[in-house]
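Me: I've got this structure open on my screen and I'd like a close look at one part of it rather than a quick tour. Could you start with charges and rings, then tell me how the part you pick is put together?

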Amino acid sequence: MKLNNHLGGQWLQGAGEGLPLHDPVSGEELVRVSSEGLDLGAGLAFAREQGGSALRAMSYEQRASLLGRIAEVLGANREAYFDISLRNSGSTAADAGFDVDGAIFTLKTYARAGKALGAARHLKEGGRVALARTDVFQGQHFLSPLRGVAVFINAFNFPAWGLWEKAAPALLSGVPVLVKPATPTAWLTQRMVEDVVAAGILPPGAISIVCGAARDLLDHVDARDVVSFTGSADTAARIRNHPNVVAHSVRVNVEADSVNSAILGPDAVPGCAEFDLAVKEIVRELTIKSGQKCTAIRRIMAPKAAAPALADAVAAKLAGMIAGNPRSEGVRVGPLVSRAQQAAALEGLAKLKMDAAVVYGGNADFVPVDADPAVSAFVQPTLLFCDKGLDAEYVHDVEVFGPVATVLPYADIADAVDMARRGGGSLVASVYSADAAFLCELVPAIADLHGRVMVVDGVIGNQHTGHGNVMPTCLHGGPGRAGGGEELGGLRALAMYHRRHVVQGGPSLLDALSEGAADAALLGA
Ligand code: NAP
């Protein structure tokens, strides 16, 4: 079966044989995708003209209610999505929930938050700016929705959340979306779009999907559009440097890879709550979605004295996490999404092993439960220990996109800070400590190179939202290596889908243009 694309308000089949999508446990071919022969330029034009104008004719409040209805449709089809996640991504129920329920939660959050913008259709920012000696000539800043398309080029690891965490703020802004999911797991994204289109919630052209290769998609974007990319740094560079993107100064947001850190404070010693919380979170991060999260913990900095005990405690818990076919009782860790990802992860692991000793796992020949290693895509959950600190050649650079992390002992705060910063820009660092002096030195010292810093102590306990869990109300994105992008953060995300401009003129004109505008300060509220 070849999946349909939705473009120009129609369901269209791509030409040719298409590219196969597989079950990463059995290797079985599931469906095919193709974008061959599609007129992507015409599809974008239709989205701008039909979808964009229909969405902009509505208020923020009306569009917020559309998001609520989308969430209802997705909720009603949740079981089908879990089944596709299992078959196409080898997801356990917990893994599928992370993606699918995360998507629904994000949509509901924006449906609620968007109501605050009421019946407005644009935003007024700040007060009048005095420009002349009298008040006959003034300035007023506004934010207006883009009149183009939000083009999403997404990664394979979040086929559900990856679409809706971007689509929710774009649609709320009044901007139509076109998603190009990553080929290996495009099925779930495609099925969700199919369900939402079938429910007739959105106007024609408000949502489009192209499955398969991006082909000439970027040749047709222009100054009105925004390209939001999630994936590897290499592809990000290609997209940023695409001649048409450069020529038209197309707005590009990049969420790329990241070697995120977990950092234990000097007080996080065996037997205390902060140590136990760190162990629990590290194991969770290693195993949920089999480590295929951009936010997953890759490096663990621990004080020299506590580092061996930490490694032992994590290893002991990993030993109880059974990796294998998620259809089998007791399995907690599924496969990677494809043989290609398995090969890439094993290649990266081989590099890390040049810097680090294996504490647990790391066996390329391990046998998963109820799966044939010859056809499946498993990587054994692995913990490494590296005592080379900043001299390590690979640990601070290589993101193994799988269930692999490395413990790095540190000598003092400066050492921990230097190692966290050595990641070159990360999405997140989590810190386990109740030592106020340590935290007040460490957090500001790493903040400029991290999009999010999560600090956990014994008082917060299990009430924290998780190292790798992206909350729609908080910023997601990171500088440098992490891509330099910004997503979510509540209504702040709407800024990417609006253009700031200032109008200079007389007060009565500025009054008229301000009529009905919502206060842009609400974006940061
Ligand atoms: P990828 O290989 O870079 O692919 C990402 C997307 O780009 C896919 O849809 C891919 O399509 C498309 N693509 C590839 N070449 C392209 C080109 N020349 N022009 C336009 N589109 C192109 O990344 P991936 O392997 O799917 O994802 C894994 C990476 O994503 C990891 O490094 C991870 O850290 C990162 N990630 C980051 C975040 C975040 O929020 N920061 C979230 C998730 C993942 P095809 O699949 O059809 O090739």
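Reply: A charge counts as sitting over a ring here if NZ of Lys or CZ of Arg is within 6 Å of the ring centre and within 35 degrees of the ring normal. Keep in mind that this is a predicted model. With that rule, Arg63 has its charged end over the ring of Tyr60, at 4.8 Å from the centre of that ring. Lys289 does the same thing with Phe158, its charged end being 4.6 Å from the ring centre.

Phe158 is worth a second click. The structure has 3 aromatic pairs, and one of them is Phe158 with Trp161, an edge-to-face pair with 5.1 Å between the centres and 65° between the planes. Both Phe158 and Trp161 are buried. Add Phe98, and ring pairs tie these residues into a cluster of Phe98, Phe158 and Trp161.

Now for the wider setting. The domain assignment splits the protein chain into domain 1 (40-256 + 485-524) and domain 2 (260-478). Their C-alpha centres are 31 Å apart, and the contact between them draws on 27 residues of domain 1 and 30 residues of domain 2.

The part I'd zoom in on is the sheet of 7 strands. It is open, its pairing is mixed, and its order reads β16-β17-β18-β13-β12-β19-β20. Out at the edges are β16 (357-360) and β20 (450-456); each has a single partner strand, so one side of each has no neighbour in the sheet. Going from one strand to the next, the twist averages 25°.

Zoom in on β17 (residues 382-385) and β18 (residues 404-410): these strands run parallel and are joined by 4 bridges. If you want a residue pair to click on, try Leu384, whose bridge partner in β18 is Thr406. Helix α10 (residues 307-318) packs on this sheet, touching β12 (260-264), β13 (297-303), β16, β17 and β18, and its direction makes about 170° with that of β17. Helix α11 (residues 339-355) lies across β16, β17 and β18, and runs at about 25° to β17.

Helix α12 (residues 413-422) belongs in this picture too. Its buried residues are Asp415, Ala416, Val417, Met419 and Ala420. They pack against strands β12, β13, β18 and β20, and also against helix α13 (436-447). Right after α12 comes Gly424, with a positive phi near 75°.

Before you close the viewer, have a look at another sheet. This one is open as well, with 4 strands in the order β23-β6-β5-β24 and mixed pairing. β23 (498-505) and β24 (518-519) are its edge strands, each pairing on one side only. Within this sheet, β5 (residues 123-130) and β6 (residues 138-145) run antiparallel, with 5 bridges between them. For a residue to click on there, Val129 stands opposite Gly139 in β6. Helix α14 (residues 507-514) lies across β5, β6 and β23, at about 20° to β6.

Technical notes: Residues are numbered from 1 along each chain as its sequence is written. This is a predicted model: local features need pLDDT of at least 70, side-chain atom pairs count only at pLDDT 80 or more; totals for chains, interfaces and linings use all residues. Side-chain values use heavy atoms; hydrogens and water are left out. Two strands pair if DSSP finds at least two bridges between them. Helices (H or I, at least four residues) and strands (E, at least two) are DSSP runs, numbered from the N terminus. Axes are lines fitted to C-alpha atoms, for helices over the stretch in contact, and angles run from 0 to 180 degrees between N-to-C directions. Contact means heavy atoms within 4.5 Å. Rings of Phe, Tyr and Trp (its six-membered ring) pair if their centres lie within 6.5 Å; planes under 30 degrees apart count as stacked, over 60 as edge-to-face and the rest as tilted. Buried means under 20% relative accessible area, exposed over 50%, partly exposed in between (1.4 Å probe, protein chains only). Domain bounds come from an automatic or database domain assignment.
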